[in-house]
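Let's take a walk through this structure together, from its strands to its charged pairs. Keep the view open as you read.

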Amino acid sequence: MKPRIPLVHSQVYHLYNYGINRMNIFYEARNYPYFLRLLRRHTSPIADLLAYCLLPNHFHLLVRIKEWQELPQEIQTGKIKLHHPFSHCFNAYSKSINNAYNRSGKLLNENVKRQLVDTEEYLKRALYYIHANPQKHGLVRDFREYQYSSYQLFESGDGTWLDRESVISLLGSREAFLQYHADYHSFLEEMNEE
């Protein structure tokens with residue numbers, strides 16, 4: 001078994017997890033914004049959310065851990081670990097779902113998967129992968145139509161707590177962000193046809 005990738009300040013990570021036995025973790029429309037509210041409440045002191053996609057039985061998050069000097073004192077002193085706010089968020093969500101739907105037991109797999117996003121190219125591919133996930137799983141014909149991902153927040157420019165500006169600056173502009181998604185999507189579709 002590979003050791004878990006540690007969370008480190010100033011780094012970007014792709015985090016993802018599934019429901020136990022791939023069972024649904026989002027039961028109805030109101031669960032999606034509730035999950036995002038919990039995520040913001042628990043993790044915004046330590047991380048910036050760059051992108052997300054919430055699917056019925058799993059989620060994908062692209063996060064950047066804040067600079068060392070921006071982290072809360074409890075983390076700097078080692079009183080709590082960097083992963084604890086994420087654990088608290090996912091546990092709070094699980095408890096809420098259990099209460100609301102009269103269920104018991106675990107909702108999510110115990111260990112959230114982590115991938116260190118350590119290059120600009122990997123970051124671009126991770127953005128596309130996260131946003132295109134609903135189409136990959138057959139939930140929509142075109143990933144750009146899926147309402148529970150951050151793609152539409154980039155497309156619309158509507159107000160958000162997402163750190164959209166960092167992502168847009170990486171690609172140069174909002175138009176470049178949208179074009180990258182369109183070009184990479186076309187490239188992958190052509191590859192699948194061969």
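Contact here means heavy atoms within 4.5 Å. Please bear in mind that this is a predicted model.

## Arg164, a buried charge

With that meaning of contact in hand, Arg164 is a good place to begin. Setting aside neighbours within four places in sequence, Arg164 is in contact with Leu153, Phe154, Gly157, Asp158 and Gly159. Arg164 belongs to helix H6, which covers residues 164-171.

Which side chain of opposite charge is nearest to Arg164? That is Glu165, 4.2 Å away. A salt bridge requires a side-chain nitrogen of Lys or Arg within 4 Å of a carboxyl oxygen of Asp or Glu, so at 4.2 Å the pair does not qualify, and Arg164 is buried yet has no salt bridge.

## Strand E3 and its partners

Strand E3 (58-65) has seven of its eight residues buried, so the strand is mostly covered. E3 pairs with E1 through seven bridges, and the two run antiparallel; Tyr13 stands opposite Val63 in E3. E3 also runs antiparallel to E2, with eight bridges joining them, and here Ala47 stands opposite Ile65. A hairpin of two residues connects E2 to E3.

Leu62 is worth a closer look. Not counting residues up to four places away in sequence, Leu62 touches a list of residues that includes Val12, Tyr13, His14, Leu49, Leu50, Val117, Leu123, Leu127 and Ile130.

## The nonpolar core and helix H3

The largest nonpolar core has 57 residues. Leu62 is among those with the most contacts inside this core, together with Phe35, Leu54, Leu61, Phe86 and Phe90. E2 supplies the largest share of the core, eight residues.

Phe86 and Phe90 are also among the buried residues of H3, a list that further includes Pro85, Cys89, Tyr93 and Ile97. What covers the buried residues of H3? The cover includes strands E1 (12-18), E2 (47-55) and E3 (58-65), as well as helix H1 (31-43).

How does the length of H3 compare with expectation? The helix has 17 residues (84-100), and at 1.5 Å a residue they should span 24 Å; the end C-alpha atoms are 24 Å apart, which agrees. After H3 comes Asn102, whose phi is positive, near 50 degrees.

## Salt bridges

Side chains of opposite charge can pair when their charged atoms come close. Across the whole structure, a search finds seven salt bridges. One of them joins Asp163 to Arg64, with the closest N and O atoms 2.4 Å apart. Asp163 lies in the loop between helix H5 (151-156) and H6, while Arg64 is in strand E3, so the pair ties together parts that are 99 residues apart in sequence. Asp163 counts as buried, because its relative accessibility is 18%. Asp163 and Arg64 also belong to a network of salt bridges that links them with Asp48 and Lys66.

A more local pair sits in helix H4 (residues 120-136), where Glu120 and Lys124 are four residues apart, about one turn of the helix. Their closest N and O atoms are 3.8 Å apart. Which of the two is buried, and which is partly exposed? Glu120 is partly exposed, with a relative accessible area of 46%, whereas Lys124 is buried at 17%. Another salt bridge brings together the side chains of Arg144 and Asp142, at 2.8 Å from N to O; Arg144 is partly exposed, with a relative accessible area of 23%.

Notes: Residues are numbered from 1 along each chain as its sequence is written. This is a predicted model: local features need pLDDT of at least 70, side-chain atom pairs count only at pLDDT 80 or more; totals for chains, interfaces and linings use all residues. Side-chain values use heavy atoms; hydrogens and water are left out. The expected span of a helix is 1.5 Å times one less than its number of residues. Buried means under 20% relative accessible area, exposed over 50%, partly exposed in between (1.4 Å probe, protein chains only). Lys and Arg count as positive and Asp and Glu as negative; His and the chain ends are not counted. A nonpolar core is a set of buried Ala, Val, Leu, Ile, Met, Phe, Trp, Tyr and Cys residues joined through side-chain atoms within 4.5 Å. Two strands pair if DSSP finds at least two bridges between them.
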